[in-house]
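Let's take a walk through this structure, one piece at a time. Have a look at the picture, then read on.

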Amino acid sequence: MSKNSADKNSSPPLPFAPLSVSNLSMRYHHKPVLTDVSFTVPEGKTIAIVGPNGAGKSTLLKGVMGLEPILDGEVQFFGEPLTNKRLAIAYVPQREEIDWDFPINVFDVVLMGRHGQLKLWQRPSQMDKEIAKQALQDLKMWDFKDRQISELSGGQQQRVFLARALAQKASLYLMDEPFAGVDVSTEKAIIELFKALKAQGKTIICVHHDLNTVGEYFDWIIFINARLVAAGPVETVLTKENLNKTYGGRLSLLNDLTETMYRTQLNRAHDDD
Amino acid sequence: MTGFELFPPPSLWQNWLSFWRFEDMNLLWVLMGSILLGMSASVIGGFAFLRKRALIGDALAHAALPGVMMAFLLFQTRDPLVIFIGALCSSFIGFFLIDWLPKNTKLKADAALAITLSFFFALGLMLLSFIQGLEVSNKSGLDKILFGQAAAMTDGDIKLLGYVTIFVLITVVLFFQKFRLIAFNQSYARTIGIAVNRYELLLALLIVMSVVVGLQLVGVVLMAAVLLTPMAAARFWSNQLATILIIASLLGGFSAIISTQISYLAPAMPTGPWMVVSLSILFILSLLFAPQKGLLKRYFDYQNLRQKVAEENILRTLYKLLERKDFKDKPFTLADIQSFRNMPSHCLQNTLKLLEKKGFAQRTFQGITLTPEGFEKATQLTRRHRLWESYLNEQADLSPEQVHQHAERIEHILTEAQETQLQQELSNSLHDPHGNQIPRKAEPTSVERGGEKI
């Protein structure tokens, strides 16, 4: 299931997959959020992470990006831990996590995408500005470059964030619900962006909510509901059975017992033996 | 000079003059020092403000108090550097406690802050009263640290103040972009590989240093206001962080001048409260009079909008009255209008006067009529109203009963471009959901002609 069977007719695969997760477990306080998740994604595809509310989709992204602590398991980007591959990865957070009243304009936000490559107090160079400009133009937001971010619509805010990720010139893009609450034209712009990135051989992983569009927009699906339900190409995994397993409620006994385990710190006692 | 009096004795003027002639060179240094402190505290406090950790400065200032007292007790000296290091240490202990408690216990951040603040302050006060009871030299003036006293500063104090504040300002300028990135979106900064923890520590160090070095001048109790009020005031004046920080530092420097001067002219006056009061006045002025975001501007904007809505409502009422008479130009009375539209009589009268002044309506002894310009405007409003009703009905599946209230508001804010877009999308519907005809937009040529006429 987790082996990548999708690239049978594409170009020869790289020695290492863009993202490979093995036995990942995460929790929030004492509640288990993800248990024993393993998958490997193929290169040059668009991949959706799908699951009900509270299934741990965003947590999964944050876990692999090192933004929230991992309890157990291993994450590898292109065969290496994150610290060695940061420049190859761009992350787009959820729009709700941002203080949109912050005094900053669109261009400066996009320029932030270049800071990963700058030294301590180095300022963005002319080249960095050109790259940011190109990213804004690709998302048709150049006309808004001097706007205050609070003056943007939801779709425009999302495009600014995508432009910032684009300015990173990464190989793998991780996006947390880029389609949530955006207008039709932004949705189209995102799809165009996906196509352009895919044409350059880049990989895109998105948390996605809309089951109606998932088959159309993505090549690959990872079904998640606190554990991995299925992962693979759309043609093979987008089945009624997988949907039922994903949306049919959690396995309550698994849930309860894992919670008890964390609460009693049983796993720690076990490891210390 | 014997303290502060309500009516200044004649000598006050003399004192003021001699203050600004800097006959006392020491005074010039104190003034420079306090300006630097006002500026650097405002800038570094600005970042705490942006990161929604406004109270951290307050806690750190209180946490410094036991450090000052311990340093004095242990080394029996008022050497600025010794006191500074003592304060720095205890302030940092406070900082780590505030950081550690919420992460490792069930305490929330605000509770951790409150507990740390009051505990350290109490400890400091205990030590202070203990020292007051001791038979040691140069203990007097130690209590000035509570509210600050510019006049009590020594040369050593001022030198240290200068070094530290200049260091803080230069560091902020150097790392401005990184600090802004972290304040705006910390988790993103982590994902692109910025050593967020190190910058956080640097930011904390800068805040602690600014707080500790400012104690002599502003005092423990009010330090937080000096960190935050300039930023809160400057936020009204601009939308660019760099500009906001520059304005904040100017406000901080200005209030430092005022308070130092007062503290010198009336030596019983503590500097801290005056600094905070002058900053608060600057804040209130910004709140009221700032050009874009000030309350006054917003009030006038609102009044203008209300006036506009009232005018447009009357125009539309007149259009509807005309429509009923098949557009035979007949004057209408106030009673006609009021029977259609709820509006207090005085408001109706005033608005009609304004419409007359703008050339949209005419009043004769027969009644009220629309001028050609007024009719054009009224037609446009009605078109917008009905287009929006149709749009809601057809595209958003709202029933005809639901759409009117919404269109009543939208008609006032629809733009030319939006109107054209609506008209294109609804090219088939000639009537609104209530069966009234939607007045079509005139051909472009006639619009141009209308423009020439004006």
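In this predicted model, a good place to begin is where two helices of chain B meet. Gly38(B), Ala41(B), Ser42(B), Gly45(B), Gly46(B), Ala48(B) and Phe49(B) sit on the H2(B) side. Facing them from H10(B) are Val226(B), Leu227(B), Leu228(B), Pro230(B), Met231(B) and Ala232(B). Sorted by class, this contact has 9 nonpolar and 4 polar residues, and no charged ones.

How do the two helices cross? H2(B), residues 25–50, and H10(B), residues 223–234, pack at an angle of about 75°, and their axes are 7 Å apart. Angles of 65 to 115 degrees count as roughly perpendicular, so that is the word for H2(B) against H10(B).

Now step back to chain B's domains. The domain assignment gives domain 1 (13–291), domain 2 (297–370) and domain 3 (375–453). Between the C-alpha centres of domain 2 and domain 3 of chain B there are 20 Å. Their contact draws 9 residues from domain 2 of chain B and 8 residues from domain 3 of chain B. On the domain 2 side, helix H13 (residues 295–324) of chain B gives the largest share, with 7 residues.

Chain B also touches chain A, with 18 residues from chain B and 17 residues from chain A taking part. On chain B's side, the elements giving two or more residues are helix H7 (176–184), helix H8 (186–191) and helix H11 (241–265). H8(B) brings the largest share, 4 residues.

Here is how the classes work out on two of these surfaces:

| Side | Nonpolar | Polar | Charged |
|---|---|---|---|
| Chain B, touching chain A | 10 residues | 7 residues | 1 residue |
| Domain 2 of chain B, touching domain 3 of chain B | 6 residues | no residues | 3 residues |

Over in chain A, there's a sheet to look at. It is open, has 6 strands with mixed pairing, and runs in the order S5-S6-S7-S3-S8-S9. Which strands stand at the edges? They are S5 (89–92) and S9 (228–233) of chain A; each has a single partner strand, so one side of each is left without a neighbour in the sheet. From one strand to the next, the twist averages 10°.

S9(A) pairs with S8(A), residues 220–224, in the antiparallel sense over 5 bridges. Within that region, Phe223(A) stands opposite Ala230(A) of S9(A). Helix H8 (residues 240–247) of chain A packs on the sheet, touching S3 (46–50), S8 and S9 of chain A. The direction of H8(A) makes about 145° with that of S9(A).

How values were computed:
Residues are numbered from 1 along each chain as its sequence is written. Chains are lettered from A and ligands numbered from 1 in the order in which they are written. This is a predicted model: local features need pLDDT of at least 70, side-chain atom pairs count only at pLDDT 80 or more; totals for chains, interfaces and linings use all residues. Two residues are in contact if their C-beta atoms, placed from the backbone, lie within 7 Å. Ala, Val, Leu, Ile, Met, Phe, Trp, Tyr, Cys and Pro count as nonpolar, Asp, Glu, Lys and Arg as charged, and the others, Gly among them, as polar. Domain bounds come from an automatic or database domain assignment. Axes are lines fitted to C-alpha atoms, for helices over the stretch in contact, and angles run from 0 to 180 degrees between N-to-C directions. Angles under 35 degrees count as roughly parallel, over 145 as roughly antiparallel, 65 to 115 as roughly perpendicular and the rest as oblique. Two strands pair if DSSP finds at least two bridges between them.
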